[in-house]
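The exercises that follow ask you to read a structure step by step. Please look at the sequence and the model first, then try each task before reading its solution.

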Amino acid sequence: MSEPLEPGLYIVATPIGNLGDVTMRAVDVLSRCDAIACEDTRVTGKLLKHLGLSKPLWRYDDHAGENDRARLVVAMQEQAVVLVSDAGTPLVSDPGYRLVRDARAAGVSVTSLPGACAAIAGLTLSGLPNDRFLFAGFLPVKDKARRDMLEELAGIDATLVFYETGPRLVKSLETMAEIWPYREVAVARELTKLHEECRTGAAGELAAHYGERPPKGEIVLLVGPPAEEAGEIDAEALLRQALETLKPSQAVAQVAKATGRDRKELYTLAMEIKAE
């Protein structure tokens, strides 16, 4: 018979699609724990049934408050409590970080078991630079908030990683096409499942594709860094093209976002082009 686990909090990653991705260590901890805190008891119940396990399930989701966390932390003093999300690694765009902070503050032992994570799976599939990346979670639902967030991140010299839903994907891609018309974008969907797909290209091209073929489910949306694009695209050629339809200030802003080039340098170049 397996030895019981020491009391504490155990953060356990679960499969994001393919149940075969659950780790042996995760199964061991799930089988030996006293209880499991989860987002949706039905979802976690299906995983436990697949593994042939039965454990008390305690609801812990985005709506959990201080009293819910306090009860869990008290339980962890004497019991081994596992925290899982519906899929993937807990705390990555999922509830949990406040629970970890409270547990640590109370002197509770915290153990993390790594495993499946959609953001990392999408990054490795995309072919985009992965030496530096920024995970920014879900994009805002409202158009202005979404645009403001993307513009705020425009100059970061790293691959940007977002989570997005099927119904909102096209709008997000269309906004990216306006802000970053030349940067490489990747859409990774159905990760680890039968119809896994990773499609790359310009945001405008991808928006047109998925406009005709509406996707379902959650998606990892990635954008290559401006430095990568700047090395491949002739900024002067882009500026000349933009000046055909835009004012110099607008053309400079668009090309700066697309290439990461300094705006003052681009404005000087724009004035030289206009003077020809």
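**Exercise 1: Loop residues and the phi angle**

At 21% relative accessibility, Thr192 counts as partly exposed, where buried means under 20% relative accessible area, exposed means over 50%, and partly exposed lies in between (1.4 Å probe, protein chains only). This is a predicted model, in which local features need pLDDT of at least 70, side-chain atom pairs count only at pLDDT 80 or more, and totals for chains, interfaces and linings use all residues. Residues are numbered from 1 along each chain as its sequence is written, and side-chain values use heavy atoms, with hydrogens and water left out.

Task: find where Thr192 sits and state what is notable about its phi.

Solution. Begin with the position: Thr192 belongs to the loop between strand S8 (184–189) and strand S9 (197–202), where helices (H or I, at least four residues) and strands (E, at least two) are DSSP runs, numbered from the N terminus. Next, take the backbone angle: Thr192 has a positive phi of about 70°, although it is not a glycine. The background for this step is that most residues other than glycine have a negative phi. Ser93 can be treated in a similar way, since it is not a glycine and yet has a positive phi of about 60°. Ser93 is placed in the loop between strand S4 (80–83) and H4, and it counts as partly exposed because its relative accessibility is 30%.

**Exercise 2: A buried and an exposed loop residue**

Task: decide whether Asp61 is buried or exposed, do so for Gly107, and list what Asp61 touches.

Solution. Asp61 lies in the loop that runs between strand S3 (57–59) and helix H3 (66–76), and because its relative accessibility is 15%, it counts as buried. The side chains of Asp61 and Arg59 are joined by a polar contact of 3.2 Å; such a contact is a pair of N or O atoms within 3.5 Å, of which, within protein, one must be able to donate a hydrogen and the other to accept it, while residues adjacent in sequence count only if both atoms are side-chain atoms. Leaving aside residues up to four places away in sequence, Asp61 touches Glu39 and Pro95, contact meaning heavy atoms within 4.5 Å. Gly107, in the loop between helix H4 (97–105) and strand S5 (110–113), has 63% relative accessibility and therefore counts as exposed.

**Exercise 3: The two sides of a helix**

Task: work out how the buried residues of H3 are arranged around its axis, and name the elements against which they pack.

Solution. First collect the buried residues of H3, which are Arg69, Leu72, Val73, Ala75 and Met76. Seen down the axis, these buried residues fall within an arc of 160°, so they line one face of H3, the arc being that of the directions from the helix axis to the C-beta atoms. An α-helix has 3.6 residues a turn, so residues three or four places apart point the same way. The face of H3 turned away from the buried side carries the exposed residues Glu66, Asn67, Arg71 and Val74. Finally, the buried residues of H3 pack against strand S1 (8–12), strand S2 (35–38), S3, S4 and H4.

**Exercise 4: A strand and its partners**

Task: describe how strand S7 (residues 159–165) is covered, and with which strands S7 pairs.

Solution. Seven of the seven residues of S7 are buried. In a regular strand the side chains alternate between the two faces of the sheet. Here both faces of S7 are covered, with Thr159, Val161, Tyr163 and Thr165 buried on one side and Leu160, Phe162 and Glu164 buried on the other. Turning to the partners, S7 pairs with strand S6 (residues 133–138) in the parallel sense over four bridges, and with strand S10 (residues 218–223) in the antiparallel sense over six bridges; two strands pair if DSSP finds at least two bridges between them. As examples, Tyr163 in S7 is the bridge partner of Phe138, and Glu164 stands opposite Ile219 in S10.
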